[in-house]
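Student: Could you take me through the salt bridges in this model, one pair at a time? I would like to know which side chains take part and where they sit.

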Amino acid sequence: MMKKLESSLTNMVLVLTGVAVIMGGILAYVNHLTEGPINDQKAKALADGIKNVMCVSDLTVAKTDTVRQNDAKGKELTYIIYQIQDAQKKDLGAAVESTTGGFGGDLKVLVGFDPDGKILGYTLLEHAETPGLGAKADKWFQKGEKGDIIGKDPKEPLTVSKDGGKVDAITASTITSRAFLLAVNNAYNAYKVTPADAQTGATKQAQ
């Protein structure tokens, strides 16, 4: 008969270490299995989002640029600009991914601009806002809604009426509204420093 193991700190540490190693292996395996489908889902969401914000289904991403700019606090922000053409290779403008800090965390917006810089459409790709608030932001600024920004040109930065601007903020949510409009304004600025020709895939740096 085996001698009963004494319940010692060493034994407990060994058991816990063994469990942690096994669980870590299981989690890594599950992550490996789900990584592909998650990336596929994100790619599809992005493709659908681009069609949505550009208001056209038959399009081509002619070029992708990455623009890095520093915000007022010196934090580096990254924007991804998808230069868009139609089936006849006519320039339709660009869809721009822009991220800012919202009320509950990061707010990632995809904004469509025509070649002149007017807003064609937008969609929220990710948000960490209060449940329900993100969904509200995804509708509030659409065509015909209270905070409608579609067709506007952010050459003059878009701001909420509380700050002297012309955009109605989401009811009882000025912080999220400001973060959203900042993301749109930043997207516009990133788009404007990106060359319109679709011959190169160079990364542009802007300070």
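Tutor: Happy to; here is a walk through the salt bridges, pair by pair. Keep in mind that this is a predicted model. In general, side chains of opposite charge can pair when their charged atoms come close. The count here comes to 3 salt bridges.

Let us start with Lys 63 and Asp 65. Their closest N and O atoms are 3.2 Å apart, and both Asp 65 and Lys 63 are buried.

Next comes the pair of Glu 97 and Lys 108, where the closest N and O atoms are 3.7 Å apart. Glu 97 belongs to strand S3 (residues 91-101) and Lys 108 to strand S4 (residues 106-113), so this salt bridge ties together parts that are 11 residues apart in sequence. Look at the surroundings of each partner, too: Glu 97 has a relative accessible area of 11%, so it is buried, whereas Lys 108, with a relative accessible area of 22%, is partly exposed. The cut-off between the two classes is 20%.

The remaining pair is Arg 178 with Asp 163, and here the closest N and O atoms are 2.8 Å apart. This salt bridge links distant parts of the chain, 15 residues apart: Arg 178 is in helix H3 (residues 174-192), while Asp 163 is in the loop between helix H2 (133-140) and H3. Arg 178 has a relative accessible area of 38%, which makes it partly exposed. Asp 163 also counts as partly exposed, at 41% relative accessibility.

Definitions and conventions:
Residues are numbered from 1 along each chain as its sequence is written. This is a predicted model: local features need pLDDT of at least 70, side-chain atom pairs count only at pLDDT 80 or more; totals for chains, interfaces and linings use all residues. Side-chain values use heavy atoms; hydrogens and water are left out. A salt bridge is a side-chain nitrogen of Lys or Arg within 4 Å of a carboxyl oxygen of Asp or Glu. Buried means under 20% relative accessible area, exposed over 50%, partly exposed in between (1.4 Å probe, protein chains only). Helices (H or I, at least four residues) and strands (E, at least two) are DSSP runs, numbered from the N terminus.
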